[in-house]
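Thanks for making the time this morning. I would like to walk you through one sheet and one patch of surface charge, and I will try to be careful about what can be said.

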Amino acid sequence: MKQTTPVAPVSTPARASAAVRRWATSAQQRRAAQVFGLFVAYSALAILLTWPLARNLRTSTISLGDPIDSIWRLGWGQRQLLHQPWALFNANVFFPYSRTYLFDELIIGVAIITLPFQLFTQNPVFIYNLAVLTTFVLSSLGMYALARRLGAVRLAAFAAGLIYAFAPLHLAHLPHLGLLSGQYFPLIVLLLDRLFSTPRWRDAVLLAAMLAMQALSAQYYAFYLIFVVGGFVVLRLVQDRWRGHWPARTTWSHLVLAGVLAALPVLPFLIGYRLVQGDYAVERSFDQNAYYSANLASFITADAQNWLWGPLTAPLRNFGTYTFERNMFPGLLALVLAALGAFIAWRKPLAQFLILLGLGSAVLALGPNLFLTGDNKSVLFTHMPYGFLYFHVPGFDSMRVPARIGILYLLSVAGLASLGLTWLLTRLARLRWPRRAPALASGLALILIAGILVESFNQPYQPAQLRVGNQIPPVYTWLARHPHTVAIELPFVIPDHDVTGTLGNFYQYYSLYHHSREMNGSANVLPKGYKALYYELRDGLTPRGIAILQGLGVNYVVVHYGELDPAVAAQTRALLQGGSDQAHEDATFGDDVVYGLVPNQRFQRLRQLIPRDATIYLSREDPTGAYGGMLGRVLRDNRIYTRVRVEYGQDYAGAPQLGAQYDYAILYRAEDPAAAGFADATVVWEDDVVRVYERARQ
């Protein structure tokens, strides 16, 4: 008889444990399938509602304005993160200034989350367009998660994601990559709520990551975290105290950990921005804040691009001046559902926070003055809370558009709308017809979702074509073959001028391909030296202009003759090709010509002439200040005393002191040295512009 090995019976606990594991695996699979389904649905809607963005991902963008600047910021940020993260701040534009990457919008958070795209493409336009679509998808998913935390049913949470990501006020910012990147706000609120209910170290670390990424995605949103985090914590303290208890110590330890971890990556950027603000006196005027503030009509006004509400709200846009930056309209259905949600759920702690956040952000969006419409004569009140923040909270005077806090208003509306829709659907589910109730509820949800989509549709924009890869102008390919150079492109333009701003954006964009340092740049922060050089060169290149460029260390002048005024082009060509011993033609590509500059030996002799421990008085009698600023750069190792405001990345020792005696004076040729206290001084160096006097030694 064949013997069989006895099989040990499986214990009941073992069978239960295996069943739990199978159930957990199944639940995780279902959850993963749901997330994937949401991702696909929101991705499809992002493509649809931003059309035709997806049709030309590789070769076009939304416009030739802000998107081109953002393409450069995204591309430069990713390049430095991969190769030289320690040199991220010192970009290759606005030479010879430092921290030039911080002269404008901070979107390094977007650069981080889209860094994997570098694995399969080097096309900066493609990566930028993918980044735009990514922000919509992540914003939808983040809001969906928060709505579920609020208690919304799945269809209501799905609608909340649509409202937060695609509302008219949000789609109006399609050219602003940083402002589209509010995907972390809902997750921050969700994690804060979880930390106060059941503190876990995992949630604290996740909260730190979300805080850091939100702060690094847009500097406006970094400031708005004050209201989100501070407002949530203060309100929860009041709510818990009302219920007769305080948050546990573990909650505070988790919050502190999240704050410290979030501050570590953000602090270098905060310090950098504060240095830039101090060095270049970055400040938005009070009038600018008032102009870019919302008014009462803004809350029911959509941009003209909106397919439904654009024509209907046109009369409101016609009052006074108009800018899309003021629009605060989230859609009629969203507003109605949010009002219903606030009414039926106001006793819930998280709903109370959203209500107060919505009201507070709406008030702050109105800016320092309260206007009824865009007409300056419609002012109703002149002492709004934002005015206090502008004058008393550091950093708020550097922000131009108070209405951008509308992202928090939209967060409130979307969250409350999910509660309103959930209430409607649950009421339908309790009808006397149990078999029909689910179908009725689903049908209502789908109708409202379709209505939200209709309210969000914009008219298709006209794609702006960009040259990429091998299609870029050959002059930039030539520059790429000549590394370690400093170039300037003419015409030299002021970035915020309507006509020439686009040209400056293109210079900066093409620098992603050649990586050379150049004096050109496009940003909100413009150093006085940059402006002085613009006024020096706007009427054409002159021998004095060439000397300034030589003194600043420029190697190449790239002249785009097709972009110059004919008279200016003729003057520039005659100077650079007229047998000058200061420049020589190195390459020609149609209307684009590259000239090499010969180093000016006289500035080297001046540097060798003056001892480094000598003090220098620098005159301010200069038409633009550019020449004196250049000499300050040449002699930057000396202590220079001057009232000149123009500098090129160096610090002056201060203004001249009454009665002080300096070792050297740099005066313009028409100046009387006696007036500067150098009556008996000797001229030791001179050129066509200035003379250098040495005080007689006692």
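Which residue in β9 does Thr588 stand opposite? Please keep in mind, as you look, that this is a predicted model. The residue facing Thr588 is Val593 in β9, and the two strands around that pair, β8 with residues 583-589 and β9 with residues 592-597, run antiparallel and are joined by 6 bridges. Between the strands of this hairpin there are 2 residues, and in the hairpin Gly590 takes a positive phi near 65°.

Stepping back to the sheet, we have 5 strands in the order β6-β5-β7-β9-β8, which form an open sheet with mixed pairing. At its edges are β6, residues 517-518, and β8, each of which pairs on one side only.

Now to the surface, where Lys528, Lys531, Arg620, Arg643 and Arg645 form a positive patch. Taking one of these, Arg645 is found in the loop between β11, residues 639-642, and β12, residues 664-668. With a relative accessible area of 57%, Arg645 counts as exposed, because the cut-off for that word is over 50%.

How values were computed:
Residues numbered from 1 in each chain as written. Predicted model: local features only at pLDDT ≥ 70, side-chain atom pairs only at ≥ 80, totals over all residues. Heavy atoms only, no water. Patch = residues over 30% accessible without salt bridge, like charges linked within 9 Å, V, L, I, M, F, W, Y side chains within 5 Å. Areas by Shrake-Rupley, 256 points an atom, 1.4 Å probe, with all protein chains shown as cover. Salt bridge = Lys/Arg side-chain N within 4 Å of Asp/Glu carboxyl O. Lys, Arg positive; Asp, Glu negative; His and termini not counted. Charge placed at Lys NZ, Arg CZ, Asp CG, Glu CD. Helix = DSSP H or I, 4+ residues; strand = E, 2+ residues; numbered from the N terminus. Buried < 20%, exposed > 50% of the residue type's maximum accessible area, 1.4 Å probe, protein only. Pairing = 2+ DSSP bridges.
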